[in-house]
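Please look at the model below. Some questions on the terms used to describe it come after.

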Amino acid sequence: MRQKNPEKMAETIKVLTEEKRLFPPPQEFKESAHIKGMEEYTALYKESVEDPEGFWDRMAGIVDWTKKWDKVFECDFEKPEIKWFLGGRLNAAYNCIDRHLKGFRRNKAALIWESDEGEVKTYTYQQLSREVNRFANVLKKKGATKGDRITIYLSMIPELVIAALACARIGAIHNVVFGGFSSASLRERISDCASNLVITADEGVRGGKSVPLKRNTDEAIADYPCVENVIVVKRTGAGVSMTEGRDTWWHEEISEPDIEEISEPEEMDSEDPLFILYTSGSTGKPKGVLHTTGGYLVYTALSFKWIFDYKDEDIFFCTADIGWITGHSYVIYGPLACGATCLIFEGTPTYPEPDRFWEIVDKHRVNILYTAPTAIRALMRYGDEWVKKHSLASLRLLGTVGEPINPKAWMWYHEVVGKGRLPIVDTWWQTETGGILITPLPGATTLKPGSAGRPFFGVKPLVLTKEGKEAGSNEGGYLVIEDSWPGILRGTYGDPEKKRMKELYFSHFPGLFFTGDGARIDGDGDYWLMGRIDDVLNVSGHRLGTAEIESALASHLDVSEAAVVGYPHEVKGEGIYAFVVLREGMEVPGGFEKTLGGQVKKVISPIARPDKIQFTTGLPKTRSGKIMRRILRKIAGGRTEDLGDVSTLADPSVVDELVKGRK
């Protein structure tokens, strides 16, 4: 794995504590919070790391079990082997729906959906229960059983939540694929987990534009015989091709007379798989991160309740797509396990106008808003007036997710959106962690713009130098986690011996979970995240492997070679900079940059399209043929005054050409 030097990365972080920009919890918020101050946090955190068995034994009661566990956990990071709530039995869908039907939440809104065009649908817990039960029966009618992998390829519509919970209800493992991915990316994810049933729609809708989901699905499975059934949601009514004997309409399936029968939820072992979610790796091949049922559900429910200080009357708006882990943990499982009202939105923050988020907040009286720094930076560019057109008086808490938020954007979010009165929970976590690991607690933490705060309960982070020694105060290093927590991944799909899991997460610093992120800890004990230290880019909160993008570029017949690196981007956080070498003797054709961008869009997704493409006759390589990416990163980022030692390059003159041609 090629790694940046996190010690040097720390130099780019502004130490805001020196400016004394500190924001203690508002007294009114603190008085009603679940965690009411640092003393309470410190005492609970101490218990959680000194007596994790006792702490999690108590906390696991946040969900309902049909059989209590025999042992709280077993963990060996050396193997690795991780198990939580051993012998415990439960069902995730039951916890997210059925158990709320016994009391006042029966008629409470579970989901509020706003479409791209502004249409609104509300599902109470009772109504959601009926829809999930009916679709669970449809899946069983199609032959789906416990352990089957079912792929869901939908945009942000209620059927996505219903389908995922229906899978959980019958014990099937759902594999949600982001609706913005191409047919090639979809195919890779379907075939890797050997899915034989796909749920999609005629089209998706986003920002006034349609996405050909059914057409992409057809292309993905054109010569893949394992997919026996495709269930299609009619979202737009667009004409699509339906293959007889394989493709059926969602609305027709759930209208069959034998679908209404109440389906009892499948009793699952705590360690039975709940879902697979594919995330990019530095090797280029996406890995199917596997999460199991008991520990994941406990962790997402507890972290949701305490980090967002959730109360029963709150309306929670997480803007993430369910195609990513944030949507799994904090749109579906965490909130619904707590009986929350979740608002889901199909569109974009700038369509039809740049005040769409703020319009939604006022329209639905949203209390908690959880969004990405990318969205915040994009909305900042339109100015304050779009925000000031709206009251936003219902908001009581703001949150960020996906990447570190820069202090300038944090202050705008706090002052313009939060009117200077709302706490911000700037959360750090990953697909592999299942839930939030480092975060402020809004009733306890004094906030620092740009800092992720302290570890959540039961989480023991360390920052290490490359030699494996604990880094000093404000010294950048590698962020690792010392012990297990209930939401941690259990492996990658198709790797029962966990060789890939060990290589990716437990081999860099044996006995420790390697996050792949750089961080530092300031003098007060607060964590500051510095981004990825491997070759995975974090673009608008989406993790993309550089190897995947390079492969997509190089798949064009006229491209000889490509190298991709990240560079600071004002809106996306990290942009994609591609260095492209064309075939020998070929001149760059007019419009070829656009052509290559379209190639990446087709092979991977629009989000993977390079922001900048620089054509060059060569790349900086050592004599052994290794590309010196540190040089490319510096050039892409405009730091060309000190490129370091280039004497080991096979052709040092390439560097001069790259510097001159930099965009």
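The following questions and answers concern a predicted model.

Q: What makes the chain as compact as a globular protein of its length?
A: The chain has 21 helices and 32 strands. Its radius of gyration is 24 Å, and the globule rule gives 26 Å for 663 residues; the two values are close, so the chain counts as compact as a globular protein of that length. Along the principal axes, the C-alpha atoms fill a box of roughly 75 × 65 × 55 Å.

Q: How do you know that helix H6 and helix H7 meet, and which residues are involved?
A: Contact requires heavy atoms within 4.5 Å. On the H6 side, the residues that meet H7 include Leu128, Val132, Phe135 and Leu139. Among their partners in H7 are Ile162, Leu165, Ala166 and Ile170. This contact of H6 with H7 comprises eleven nonpolar, one polar and three charged residues.

Q: How do the axes of H6 and H7 lie, and is their crossing left-handed or right-handed?
A: The axes of H6 (residues 125-141) and H7 (residues 158-170) come within 8 Å and cross at roughly 65°. The crossing is right-handed.

Q: Which residues and elements line the second largest pocket?
A: The lining has 15 residues, and those nearest the centre of the pocket are Lys121, Glu159, Val233, Lys234 and Arg235. Strand E5 (120-124), H7 and helix H10 (250-253) each supply at least two lining residues. H7 gives the most, with three.

Q: What is the volume of this second largest pocket, and what is the character of its lining?
A: The pocket holds about 260 Å³ of space. Its lining divides into eight nonpolar, one polar and six charged residues.

Terms used. Residues numbered from 1 in each chain as written. Predicted model: local features only at pLDDT ≥ 70, side-chain atom pairs only at ≥ 80, totals over all residues. Heavy atoms only, no water. Axes fitted to C-alpha atoms, helices over the stretch in contact; angles between N-to-C directions. Helix = DSSP H or I, 4+ residues; strand = E, 2+ residues; numbered from the N terminus. Left-handed = near helix turned anticlockwise from the far one by under 90°. Nonpolar A, V, L, I, M, F, W, Y, C, P; charged D, E, K, R; others polar. 1 Å grid on protein atoms, 1.4 Å probe; cavity = no way out; pocket = protein on both sides within 12 Å on 5 of 7 lines; lining within 4 Å. Points joined across faces, edges and corners; volume = space filled by probe spheres on them. Rg over C-alpha atoms; globule rule 2.2 N^0.38 Å.
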